[in-house]
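Please look over the sequence and the structure shown here before reading on. The report below is meant for someone meeting them for the first time.

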Amino acid sequence: MNRQLTNQELAQTFRYIADLLEIKGEVIYKILAYRKAADSLEALSQPASELQRSGKLLEIPGVGKAIAEKMDELLSTGHLEFLEKLETEVPPELVGLLQIPEVGPKKVALFWRQAGVTNLQELEAAARAGKLRGLQGMGEKSEAKVLAGIEALRRRSGRIPLGKAWPFVQGLLADLRQVPGVNAAEMAGSLRRMRSTVGDIDLVAAANDSRVVMEAFTHHPWVRQVVSQGDTKASVEFEHNLRAQLWVHPPERFGTALCYATGSKDHNVRLRELALKQGLSLSDQAFLRPDGSEILCASEQEVYAQLGLPWIPPELREDRGEVQAARSGALPALLDLGDIRAELHSHTTWSDGKASIETMAEAARQRGLKTLVISDHSVGLGVAGGLSVEGLQRQRAEIDAVQQRLGDSILLLQGCEVEIRADGTLDFPDEVLARLDVVTASLHTSLGQPREQITHRLLNAVRNRHVDLIGHPTGRIVGGREGADLDMEAVFAAAQESGVSLEINANPSRLDLDDVHARRALDLGIRLCINTDAHSPQELDLEFFGVATARRAWASAEQVINTWEPERLVSWFAARG
DNA sequence: GCCGTTTTCGGCCCGACTGTTTTCAGTCG
């Protein structure tokens with residue numbers, strides 16, 4: 001039998017169906033239903049295949065009889081007759097055209113039905129030949145836009161990793177806050193929700209005279225092109241194909257605008273539903289009473305309060321149950337960066353790190369950490385100058401010496417990031433692992449192994465009683481490579497049994513586990529750790545991104561072992577052997 | 001196609017911006 005489709009793959013299939021139906025010209029609500037089902041699948045904390053076995057597919061929000069049947073067929077057979085038929089009606093490559101900016105389903109349908117276009121090459125040829133300008137609703141400008149859009153599509157490589165967008169936006173916001181009359185300027189959208197990748201950058205500013213802010217924004221030195229500009233909203237493009245849009249509202253309405261622009265779309269729909277039940281109307285423009293008068297909210301707290309809710313942290317605003325939780329007073333007490341007391345995964349010049357043990361220890365101490373685990377690579381990772389057994393012994397002596405010098409201001413532990421070899425064995429025998437204070441096992445090589453093989457490999461490490469942590473479990477690179485094809489449910493089950501802690505690697509190019517996996521792990525009672533994997537003192541600051549990912553997974557401080565004091569950590573590691 | 005402390009049928013968020021269609025359709029978030 002074929003392996004089970006993942007939730008992600010199912011979601012992709014339903015989104016693809018929605019796109020095809022939209023080009024075909026189906027009623028919009030049918031299309032929205034497929035997209036809603038896809039959203040739910042992605043937010044699901046357990047595999048749909050599991051729900052299928054227990055006959056609970058209909059319990060997925062937004063999944064009714066028709067979609068449940070299709071899901072069932074996909075999970076059971078690996079294909080879907082409905083989709084195969086649809087693909088004979090609508091040329092599948094048309095879906096790719098939706099990626100072109102300013103080209104939506106209606107335009108694609110127009111190009112297809114009126115100009116015979118079935119793929120990107122044909123569209124480009126038609127545009128260059130001037131064959132689009134004569135179509136209904138098209139002119140020369142629209143035709144040029146299509147060509148420019150195709151070029152932009154070729155340049156950009158999808159969404160921007162959070163780690164790139166974040167520092168860029170800090171600079172931009174600092175400049176906007178300097179503009180005379182600007183009362184506040186904040187990021188919004190997926191960036192504020194701390195998703196691992198960001199589409200466009202959304203910003204909201206409070207000012208009484210929007211024109212001054214708009215001028216400053218569209219003339220910012222980093223701006224390469226102004227895409228659109230109005231009184232309340234402007235959209236620009238920077239170098240490297242970063243796009244940003246700015247909304248400007250008067251200060252007394254800033255909370256309403258910020259809340260709306262932060263989203264997510266589905267979270268906003270929930271809020272709107274609550275507003276409607278109270279006879280209120282909530283939109284990006286205004287929050288209105290039944291008589292049409294406006295409820296002005298300068299802060300988000302006021303928006304939520306009007307709806308009878310406590311303020312919901314942006315990281316939770318994904319319509320994954322947060323509004324219901326807020327209503328019943330069951331919002332989690334989220335982990336905060338200030339709760340972090342320990343860094344459990346760091347590198348030094350003993351392998352591929354840039355700084356000495358002492359420099360790293362001093363940097364950790366300055367950041368208020370009470371425990372630092374030095375976990376250089378093991379010998380198997382040759383490119384990183386991994387340590388041999390003998391090297392580990394010499395390193396232990398230096399760690400002890402640095403500890404002497406630093407006194408009890410910070411506790412240094414000797415760990416090791418031990419290779420999980422391609423055959424599933426660990427780089428060191430058990431008696432060597434037993435001498436280490438902390439053992440982190442990680443996959444770095446042969447990540448492309450088939451599912452069964454690589455899962456088995458990771459399970460070997462999870463079940464080794466000397467292993468305390470699993471580093472960046474899937475090996476994914478944000479905006480780069482997919483994670484290994486792991487059976488994550490099997491990994492979670494084994495972790496639950498062995499008590500091993502799974503890492504959220506805080507480096508923004510990893511963020512691995514991701515938020516959905518992390519939430520599933522927490523639901524199963526698995527303890528998480530959040531580590532920077534720092535190779536230099538500055539990288540210790542990346543913890544922030546890992547904490548954000550954990551917050552998106554609804555993590556509390558107690559569920560993350562980095563919040564523990566040194567004594568508790570030491571006894572936990574010791575008890576694990 | 002989904003859903004129900006207004007409904008098992010009739011809704012499903014809605015406004016800004018752009019280009020072209022001189023009154024609106026398409027896209028976007």
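What follows describes the overall build, the cores and some details of the backbone.

This is a predicted model, in which local features need pLDDT of at least 70 and side-chain atom pairs count only at pLDDT 80 or more, while totals for chains, interfaces and linings use all residues. Residues are numbered from 1 along each chain as its sequence is written, chains are lettered from A and ligands numbered from 1 in the order in which they are written, and side-chain values use heavy atoms, with hydrogens and water left out.

Chain A has 24 helices and 16 strands, where helices (H or I, at least four residues) and strands (E, at least two) are DSSP runs numbered from the N terminus. Its radius of gyration, taken over C-alpha atoms, is 26 Å, close to the 25 Å that the globule rule gives for 577 residues, so chain A is as compact as a globular protein of that length; the rule is 2.2 Å times the number of residues to the power 0.38. The C-alpha trace of chain A spans about 75 × 60 × 50 Å along its principal axes.

Buried residues make up 54% of the 577 residues in chain A, where buried means under 20% relative accessible area, exposed over 50% and partly exposed in between, with a 1.4 Å probe and protein chains only. The largest nonpolar core, a set of buried Ala, Val, Leu, Ile, Met, Phe, Trp, Tyr and Cys residues joined through side-chain atoms within 4.5 Å, has 63 residues, and Ile470 and Leu502 have the most contacts inside it. A second, separate core of 51 residues includes Ala37, Val63, Leu98 and Ile100.

Valine 204 lies in strand 4 (residues 201-207) and is buried, with a relative accessible area of 0%. Leaving out residues up to four places away in sequence, valine 204 touches, among others, Ala184, Leu246, Trp247 and Phe254, where contact means heavy atoms within 4.5 Å.

Most residues other than glycine have a negative phi, and most peptide bonds are trans. The table lists departures from both habits.

| Feature | Value | Place |
|---|---|---|
| Cis peptide bond, glycine 263 to serine 264 | omega near -5 degrees | serine 264: loop between helix 13 and helix 14 |
| Cis peptide bond, aspartate 512 to leucine 513 | omega about 5 degrees | leucine 513: loop between strand 15 and helix 22 |
| Positive phi, glutamate 102 | phi near 70 degrees | loop between helix 6 and helix 7 |
| Positive phi, aspartate 319 | phi near 55 degrees | loop between helix 15 and helix 16 |

Glutamate 102 is partly exposed, with a relative accessible area of 47%, whereas aspartate 319 is buried, at 14%.
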